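Biologist: Please show me the model. I should then like to ask what lies behind each term that you apply to it.

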Amino acid sequence: SKLTVSCRILCVFIFPKTAERPQWSSEWLLIEIAVVGGAMGDSGQANQQPHFRIDTLRETDREQWETLYRGYMEFYGRDEPASLYDEAWERLCLNRDVHGRVARDVTDETHLFGLVHFIRHPTMATRDVCYMQDLFTDPKARGGGVGTQLIQAVVRWCKETGGISKVYWNTHETNPARKKLYDVVGTHRGFVKYEISIQAKSEP
């Protein structure tokens, strides 16, 4: 069956400190895409023989999930404490504000090829939107449609849940998926978004 949905991608550009720019800054490019079709590979080609299926998280996935999530963090140069993974896992298991899906190996259900985390939230519009916060595929499984089918799983969830108008997410300009997947199905419209970090108050 065919699946049609309008989505948006936000691409982040990170700029280091320079004499002209005394602080780190970032710019977010908004890309609007239309995802059309069924099972499609990360390269935009049809995935004829998928070796995985999209599934919800299980309690037994904890170790495999953290390995993938750490890979995601490493890609963006982040070194997070163990407590972050503990808290993230608890929130995913509650399945209330934060939701997750994984690409599960059909030949070994204890093995995961990829993950996606997503959050529904309101806007000033009449319908909510869905922020796809984390999307990661095991490097050994890339090019086989894992990323695309994880995105489509989020879109299906939104359609089945109802009241959600679009899915959007962020990616760095150096992410290879921009050329292999996002630029294939998306169009950069020229929008730019700026970010200001809010520092937490120190404990008295």
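**Strands, cores and loops: what the terms rest on**

Modeller: Arg 53 stands opposite Arg 104, a residue of β4. The model is a predicted one: local features need pLDDT of at least 70, side-chain atom pairs count only at pLDDT 80 or more, and totals for chains, interfaces and linings use all residues. Residues are numbered from 1 along each chain as its sequence is written, and side-chain values use heavy atoms, with hydrogens and water left out.

Biologist: How many helices and strands does the protein chain have?

Modeller: The protein chain has 4 helices and 8 strands, where helices (H or I, at least four residues) and strands (E, at least two) are DSSP runs numbered from the N terminus. Along the sequence their pattern is β-β-β-α-α-β-β-β-α-β-α-β.

Biologist: What joins strand β3 to β4?

Modeller: Strand β3, residues 52-55, is joined to β4 by 4 bridges, and the two run antiparallel. Two strands pair if DSSP finds at least two bridges between them, so this pair qualifies. On its other listed pairing, β4 is joined to β5 by 7 bridges, again antiparallel, with Leu 115 of β5 as the bridge partner of Val 102. A hairpin of 6 residues leads from β4 to β5.

Biologist: What makes strand β4 largely enclosed by the rest of the structure?

Modeller: Buried means under 20% relative accessible area, exposed over 50% and partly exposed in between, with a 1.4 Å probe and protein chains only. Of the 8 residues of β4 (98-105), 8 are buried, and the strand is therefore largely enclosed. In a regular strand the side chains alternate between the two faces of the sheet. In β4, Val 98, Gly 100, Val 102 and Arg 104 point one way, while His 99, Arg 101, Ala 103 and Asp 105 point the other way, and all are buried.

Biologist: Why is β6 described as largely enclosed too?

Modeller: The description follows because 9 of the 10 residues of β6 are buried. Antiparallel to β5, this strand is joined to it by 8 bridges, and 6 residues lie between the two in a hairpin. Val 129 in β6 is the bridge partner of His 121. With β7 the arrangement is parallel, through 4 bridges, and Met 132 has Trp 169 of β7 as its bridge partner.

Biologist: Which residues have the most contacts inside the largest nonpolar core?

Modeller: They are Met 132, Val 154 and Val 167, in a core of 21 residues. A nonpolar core is a set of buried Ala, Val, Leu, Ile, Met, Phe, Trp, Tyr and Cys residues joined through side-chain atoms within 4.5 Å. Two or more residues come from each of β5 (112-121), β6 (128-137), α3 (146-161), β7 (164-172) and α4 (177-185). The largest share, 7 residues, comes from α3. A second, separate core has 14 residues, among them Leu 68, Tyr 72, Trp 89 and Val 98.

Biologist: Why are α1 and α2 called oblique to each other?

Modeller: The axes of α1 (residues 62-75) and α2 (residues 82-94) come within 11 Å and cross at roughly 120°; axes are lines fitted to C-alpha atoms, for helices over the stretch in contact, and angles run from 0 to 180 degrees between N-to-C directions. Angles under 35 degrees count as roughly parallel, over 145 as roughly antiparallel, 65 to 115 as roughly perpendicular and the rest as oblique. The crossing at roughly 120° falls in the rest, so α1 and α2 are oblique. Contact, meaning heavy atoms within 4.5 Å, involves residues including Trp 65 and Tyr 69 of α1 and Tyr 85 and Trp 89 of α2.

Biologist: How do you know that Gly 144 counts as buried?

Modeller: Its relative accessibility is 16%, under the 20% limit, so Gly 144 is buried. Gly 144 is found in the loop between β6 and α3. Its C-alpha atom is 8.6 Å from that of His 51, although the two are 93 residues apart along the chain.

Biologist: Is Asn 95, in the loop between α2 and β4, buried or partly exposed?

Modeller: Asn 95 has 42% relative accessibility, between the two limits, and therefore counts as partly exposed. Its phi is near 55°, a positive value in a residue other than glycine. Asp 108, in the loop between β4 and β5, is likewise partly exposed, with a relative accessible area of 36%.
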